[in-house]
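Reader: I have just opened my first protein model and would like to know how its labels are earned. Could you walk me through a few of them?

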Amino acid sequence: MNIIIIEDEKPSARRLQRMLKSLDVEADTMLHSVEESIEWFQNNEHPDLIFLDIQLSDGLSFEIFEAIDINSAVIFTTAYDEYALQAFKLNSIDYLLKPIDEDDLKKAVEKFKRRTPQKQSVTLDFNDIKKLLVNPIEREYKKRFSVKVGQHLKLINIDDIECIYSENKGTYVFTNEGRNYLLDLTLDQLEDELEPHVFYRVSRKFYVNINAIKDIISYTNSRLQIKLNHYNEQEIIVARERVKDFKNWLE
């Protein structure tokens, strides 16, 4: 199968790519905007299947269909329930609500594999979509965490967190007060919960808050070392394969 992912949030795109790989499905091409996608479809053979985020950084992904006759099956990914039914007005196999559940993804892929193998152009009444956007809903990210401290629950505002990291099978937040708190979530589960312009996953172990970065230092094997304002318990190293993406995120 030739599969591509169109998703403006790169951590979410990579997470979906990893989830597909666990199902023995490869998605080597990832696109991140309407403009980039239109250019790609103009110059490449259309894939068998597209995983398509509905709202991209430079507009609605439906605009791609306005510019190009797409001859692919589509599985929509969206954080917005009100968009979901629109998927069935198109040549869509399924839709997945974010954060994407592994079982739902597996069922959607199996549904695609069982379909009658015929390709059609996607049809769309773009005016219907515009009606949905009269009062668009902004995506909501985590504003705070509640953590257990003894017999009490403590609220931690997201702006007070310097980094989030995993250690000994636990996930911890480190605050600008120099305190660690245990979370009930894994780093993977946080990928769709954190504001992507503020938090970046520099490695398998660490998310860092851009506002807490004090220094960035060249490190061995083309990697980078990050110094935060207060956290100094472990070295924070940007994995080599993430350095380019990390530099783009900084800008």
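Author: Gladly! Let us begin with one pair of residues: Q225 stands opposite I237 in β17. Please keep in mind that this is a predicted model.

Reader: What makes β16 and β17 a pair of strands?

Author: Two strands pair if there are at least two bridges between them. Strand β16, residues 223-228, is joined to β17 by three bridges, so the requirement is met. The two strands run antiparallel.

Reader: Which sheet do they belong to?

Author: They sit in an open sheet of three strands, ordered β15-β16-β17, with antiparallel pairing.

Reader: Why do β15 and β17 stand at the edges?

Author: Each of them, β15 (213-219) and β17 (236-238), has a single partner strand, so one side of each is left without a neighbour in the sheet. From one strand to the next, the twist averages 30°.

Reader: Now for S37. Where does S37 lie, and how do you know whether it is buried or exposed?

Author: S37 lies in helix α2. Buried means under 20% relative accessible area. S37 has 0% relative accessibility, so it counts as buried.

Reader: Which residues is S37 in contact with, leaving aside its neighbours within four places in sequence?

Author: They are I6, L31 and I64. Seen from I6, with its own neighbours within four places set aside, the contacts include S37, L31, F41, L52 and I64.

Reader: What makes a group of residues a nonpolar core?

Author: Its members must be buried residues of certain kinds, among them Leu, Ile and Phe, joined through side-chain atoms within 4.5 Å. The largest such core here has 19 residues, and those with the most contacts inside it are I6, F41, L52 and I64. Ser is not one of the kinds listed, so S37 does not count as a member even though it is buried.

Reader: Which elements give two or more residues to this core?

Author: They are β1 (3-6), α2 (34-43), β3 (49-53), α3 (62-67) and β6 (73-78). The largest share, four residues, comes from α2. As a general tendency, nonpolar side chains in soluble globular proteins are buried together.

Reader: And how does the whole chain look?

Author: The chain has seven helices and 17 strands. Of its 251 residues, 46% are buried. Among contacts between residues at least 6 apart in sequence, 55% join residues at least 24 apart. The accessible surface comes to about 14000 Å², and 43% of that belongs to carbon and sulfur atoms.

Note on methods
Residues are numbered from 1 along each chain as its sequence is written. This is a predicted model: local features need pLDDT of at least 70, side-chain atom pairs count only at pLDDT 80 or more; totals for chains, interfaces and linings use all residues. Side-chain values use heavy atoms; hydrogens and water are left out. Buried means under 20% relative accessible area, exposed over 50%, partly exposed in between (1.4 Å probe, protein chains only). Contact means heavy atoms within 4.5 Å. Axes are lines fitted to C-alpha atoms, for helices over the stretch in contact, and angles run from 0 to 180 degrees between N-to-C directions. Accessible areas come from the Shrake-Rupley method with a 1.4 Å probe; for residues, only the protein chains shown count as cover.
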